[in-house]
Amino acid sequence: MSNSQAFITDRPFSDASAEFLSCLSARIFQEGKHKSELYPVAFFCRKSNLLKLRVKYGPAALPCGVALFICPKNVDALGCWALVFGILSGNYTVVRPRIPSGVFEEFVELAQETDWRCGTGIFERVCLIGSADDEPLQYWSRSAQVRVCWGGNESIAKYASFPVPAECRNVYFGHRNSLSVIDCAAVRLDVQTAAEEFFRCAYTGRQASCSSPRAVYFLHYDRDTVADFWARVGALAQKIAWTPADIAEKYAELCACLARYPLKVTAYGNCLYVLEGEAFRWTENPPKGFGTFFSFPADTLGVCIEGLDQIQTISYYGADPKEIFGAVLRSGNLTVSRIVELKDVLDFGATADGVDIFSALLRFVRL
């Protein structure tokens, strides 16, 4: 008997999973408090979408056994997505979320209440790791048939060192950089909307997600338009409840950035720092501060991409995604996995970093 046989599994995209998640989706829409983080999860869990997934993946699919998800410390909602993917795939699902995480805690509370109300017994095949140390991760790694890990390069290397069964599939999502391409001609038509969409995608989650832009490239560069754009982003950033520790950390990172790169800095209070100059290879030492961005003029799309390392998401406003993709092909950058409008940056789905999660979580039987 393999380790996986000792744990409860279910058929992928089963009726019980679909009923449970569609009911949970409705409750999130009605009762959810962390709307910006949980609504994309709830939208994904609509019954119509779950039925489409069943048709796409389910006819000859089996769960792998035990699926272990190790979530990063800086993105609240990934624990929610991990739980959804594990449940839908039918695996016995083990999740180590960000600790602590108000978003994940609310999601689990609603999920457990929904499971009890529906009588689906979903949580009989779920284990949530509450400890921040590595011992539980090492234990579950020894039983895992699939292990999905998010984190920085050092964390990924550490998780990879934990022993796993020979048949275990490992899916690692390490550090990535992201950028935005914004057309000044489009911004001039509605600068407030452009600023609001950028603010939402860049500031949600404290700019900690791999998809959060660190640099902004302005096509058809116009100094007055760019200044107006950043001023409006800065005004929106004033609404955040900054702590003295946040401000001190931001300022320290700004000083470190300026020591590396001799750029012009414009400060919008303590909430937004914009570092301006000619485009260069910033991905070697990207700014880590929350609310710190490079701002570059771009004559061509090639300027936005060439020479950069580990780019995951290119978000855009007013630019042509097909032209951006063409520039990516010409640059030879093989790490880009998303070209998406600014307003959709926070949307998450079954494909992450170019990897189809369900293909990793399922075994497909040839009939």
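In which helix is Val84 found? In this predicted model, Val84 belongs to helix H4, which covers residues 78–89. The residue is buried, as its relative accessibility is 1%. Val84 and Leu21 are 63 residues apart along the chain, yet their C-alpha atoms are separated by 7.8 Å.

A strand with cover on both faces was examined next. Strand S5 comprises residues 146–150, and five of its five residues are buried, so the strand is largely enclosed by the rest of the structure. The cover extends to both faces of S5. On one side, Val146, Val148 and Trp150 are buried, and on the other side Arg147 and Cys149 are buried as well. Strand S5 is paired with strand S2, residues 66–70, through four bridges, and these two strands run parallel. Within this pairing, Ile70 stands opposite Cys149 of S5. Strand S5 is also joined to strand S6, residues 169–173, by five bridges, and this pair likewise runs parallel. Here Val146 is placed opposite Arg169 of S6.

Helix H9 offers a further view of burial. This helix spans residues 191–203 and contains 13 residues. From its first C-alpha to its last, H9 reaches 18 Å, which is close to the 18 Å expected at 1.5 Å a residue. The buried residues of H9 are Val191, Ala194, Ala195, Glu197, Phe198, Phe199, Cys201, Ala202 and Tyr203. An α-helix has 3.6 residues a turn, so residues three or four places apart point the same way. Among the buried residues of H9 are Val191, Ala194 and Ala195, and Glu197 and the aromatic pair Phe198 and Phe199 are also buried.

The cysteines were then considered. How many disulfides does a search of the whole structure find? The search finds zero. For Cys64, the closest cysteine sulfur is that of Cys168, at 9.1 Å, which is too far for a bond because a disulfide requires two cysteine sulfur atoms within 2.5 Å. Cys168 is likewise in no disulfide, and its nearest cysteine sulfur, at a distance of 8.5 Å, is that of Cys149. Cys64 is buried, with a relative accessibility of 12%. Cys168 is also buried, at 12% relative accessibility. Cys149, whose sulfur is the nearest to that of Cys168, is one of the buried residues of strand S5.

Charged side chains form a further set of contacts, and the structure holds eleven salt bridges. One of them joins Arg54 to Asp15, with the closest N and O atoms 2.9 Å apart. Arg54 lies in helix H3, residues 47–57, and Asp15 in helix H1, residues 15–31, so this pair ties together parts of the chain that are 39 residues apart in sequence. Arg54 is partly exposed, with a relative accessible area of 28%, whereas Asp15 is exposed at 56%.

A salt bridge is also formed between Asp309 and Arg281, where the closest N and O atoms are 2.7 Å apart. This pair links distant parts of the chain, 28 residues apart. Asp309 is located in the loop between helix H12 (302–305) and strand S12 (311–317), and Arg281 in the loop between strand S10 (272–276) and strand S11 (292–298). Asp309 is partly exposed, at 28% relative accessible area, and Arg281 is partly exposed too, at 41%.

The side chains of Lys343 and Asp344 also meet in a salt bridge, at 3.4 Å from N to O. Lys343 is partly exposed, with a relative accessibility of 40%, and Asp344 is partly exposed at 24%. In addition, Arg27, Glu31 and Glu113 are linked in a network of salt bridges.

Finally, the surface was considered. Which residues make a nonpolar surface patch of about 310 Å²? The patch is made by Leu62, Val365 and Leu367. Of these residues, Leu367 lies in the segment that follows strand S16 (362–364). Leu367 is exposed, with a relative accessible area of 87%. This value lies over the 50% above which a residue counts as exposed.

Conventions:
Residues numbered from 1 in each chain as written. Predicted model: local features only at pLDDT ≥ 70, side-chain atom pairs only at ≥ 80, totals over all residues. Heavy atoms only, no water. Buried < 20%, exposed > 50% of the residue type's maximum accessible area, 1.4 Å probe, protein only. Expected span 1.5 Å × (residues − 1). Patch = residues over 30% accessible without salt bridge, like charges linked within 9 Å, V, L, I, M, F, W, Y side chains within 5 Å. Areas by Shrake-Rupley, 256 points an atom, 1.4 Å probe, with all protein chains shown as cover. Salt bridge = Lys/Arg side-chain N within 4 Å of Asp/Glu carboxyl O. Pairing = 2+ DSSP bridges.
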